[in-house]
Every structure is written in structure tokens, then in C-alpha cells.
Amino acid sequence: MYTKKIYFSGGSFYELQEVFSRVNGVISTTAGYIDSDMPEPSYDSVLDGKSGAAFGIEVEFDPKKIDISMLMDILFSVINPYVKDKQGDCEGHMYRSGVYYVQDEDEPMVAYHMNFIHNRQKALAVTEANITINDPNSDPVGARRCYATAGYLKNFTAADVEHQHYLKKHPEMKTRIDFALLKKLEVIE
């Protein structure tokens, strides 16, 4: 079976892994560290900011069942790309929002979707404030900036076994994501 991979960051990698492990068409997910400045970063080196890495996940999927755009739709339904380095109680550069691809053929789809995410917030701000934009290169008054980034993956290191599928092992742990609602909306199984 032909599969592809995409990498996401934004808040708790425990929550992201739980969401994407339940998506139809996703083959596997791995929690880990994205774009570290040091080889083989550990959970502690990411948490204290020394590695420069982001907490994130690797998503292996069947492109015949789900595409990158749909996966990104799910990502941006559970994280807020308009908040810098914060999702729920997770705060700091290691919790930044991002989409990382490994195949050049995926760059146009990722860029297209990110352009939509960036422009959606500007359009909402303009509509809400009844502002006319004369200069397309300037942000309208009141527009919020999109902090989610996208780019080619530099590196990914899988987290230790204790961090894999953490919410399945610890169902009592509280999360900010409403998994029941996602299931009701048929986003996840």
C-alpha cells in the first residue's frame, strides 16, 4: 500500500496524536520532536526550550482515503493558528503551530491551504470592522496575525515509548479538545 507522511505541531502532541490516530485513512501516528537544533532531543530538552524543537506528530496516511488538505482542515479545527506559541495550557515556542511536509509534490497543497488560513482571518477582521482595504500588502486595523507556519521538515525524532498514545494509556487526563463532538461530527472514529 502506498502511504504518505505529513507532520503537524500545535499544543500538546498527546492531543494531536489522539485526534489523528482516530481519523479514517490515517495509518499511524507518532508523537515526537520537529525541527530540533540538536541531534536526538529528549522530552526535557524540548520542554525547557534548549533543543529549539516543537512538540508534534508524524501522520502516515493513505492518500486514496484522505488528502493533506483534509488533514489540515482537521488540524486547524483543533488548534488555533492565530495564537502565538500557545494552545490551551500549553505555552512556549515548543508548542508553536506548524505544518511540515517531506515531499516536494506536497508543497503546493500545503501552501494553498496555508494561504487560505492566513487570508481567512484578515477577511473576518475586515468584515467585522467594515474596513475597506486600499493597500493589499498591509494588514487591516484589527486583523489578527496567523502564527502557524509551513515548510519542509528538517528533522523528526520520535518521542520515547512512554509518550506514544499517551491519552489512550491515561484516559483520565483532561484535554481541551472535545473528542465526543469530533466523533459526533464524524471527524474521527
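Biologist: Why is aspartate 48 called partly exposed?
Modeller: In this predicted model, aspartate 48 has a relative accessible area of 44%. Buried needs under 20% and exposed needs over 50%, so 44% lands in between and aspartate 48 is partly exposed.

Biologist: And what makes lysine 50 exposed?
Modeller: Its relative accessible area is 64%. The cut-off for exposed is over 50%, so lysine 50 passes.

Biologist: How do you know that lysine 50 forms a salt bridge with aspartate 48?
Modeller: The closest N and O atoms of lysine 50 and aspartate 48 are 3.8 Å apart. A salt bridge has to be within 4 Å, so the pair counts. Over the whole structure, the search turns up seven salt bridges.

Biologist: What makes lysine 4 and glutamate 105 a salt bridge?
Modeller: Here the closest N and O atoms sit 2.6 Å apart, and that is within the 4 Å limit. Lysine 4 belongs to strand S1 (residues 4–9), while glutamate 105 is in the loop between strand S6 (98–101) and helix H4 (107–129), so the bridge ties together parts 101 residues apart in sequence. There's also a network: salt bridges with shared partners join Lys4, Glu105 and Asp106.

Biologist: Is lysine 4 buried or exposed?
Modeller: Buried: its relative accessibility is 8%, and the bar is under 20%. Glutamate 105 has a relative accessible area of 53%; that is over 50%, so glutamate 105 is exposed.

Biologist: Why do lysine 5 and glutamate 58 meet in a salt bridge by your count?
Modeller: N to O, the side chains of lysine 5 and glutamate 58 are 3.7 Å apart, and the rule asks for within 4 Å. Lysine 5 lies in strand S1 and glutamate 58 in strand S3 (residues 54–61), so this pair links parts 53 residues apart in sequence.

Biologist: What makes glutamate 58 buried and lysine 5 partly exposed?
Modeller: Glutamate 58 comes out at 12% relative accessibility, and under 20% means buried. Lysine 5 comes out at 31%, between the 20% and 50% marks, so it is partly exposed.

Biologist: How many disulfides does a search of the whole structure find?
Modeller: Zero. Two sulfur atoms would have to be within 2.5 Å to count. As for accessibility, cysteine 90 has 17% relative accessible area and cysteine 146 has 7%. Both values are under 20%, so these cysteines are buried.

Biologist: Why are H1 and H3 called oblique to each other?
Modeller: The axes of helix H1 (residues 13–21) and helix H3 (residues 68–78) cross at roughly 135 degrees. Roughly perpendicular covers 65 to 115 degrees and roughly antiparallel starts over 145, so 135 falls in neither and the helices are oblique. Their axes come within 11 Å, and the crossing is right-handed.

Biologist: Which residues in H1 meet H3?
Modeller: Leu16, Val19 and Phe20 in H1 meet Leu71, Ile74, Leu75 and Val78 in H3.

Biologist: How do you know that glutamate 15 is buried?
Modeller: Glutamate 15, found in helix H1, has a relative accessible area of 8%. That is under the 20% cut-off, so buried is the right word. Beyond neighbours within four places in sequence, glutamate 15 is in contact with Leu167, Thr175, Arg176, Ile177 and Phe179. Glutamate 15 and histidine 165 are 150 residues apart in sequence, yet 9.0 Å apart in space, C-alpha to C-alpha.

How values were computed:
Residues numbered from 1 in each chain as written. Predicted model: local features only at pLDDT ≥ 70, side-chain atom pairs only at ≥ 80, totals over all residues. Heavy atoms only, no water. Buried < 20%, exposed > 50% of the residue type's maximum accessible area, 1.4 Å probe, protein only. Helix = DSSP H or I, 4+ residues; strand = E, 2+ residues; numbered from the N terminus. Axes fitted to C-alpha atoms, helices over the stretch in contact; angles between N-to-C directions. Parallel < 35°, antiparallel > 145°, perpendicular 65-115°, else oblique. Left-handed = near helix turned anticlockwise from the far one by under 90°. Contact = heavy atoms within 4.5 Å.
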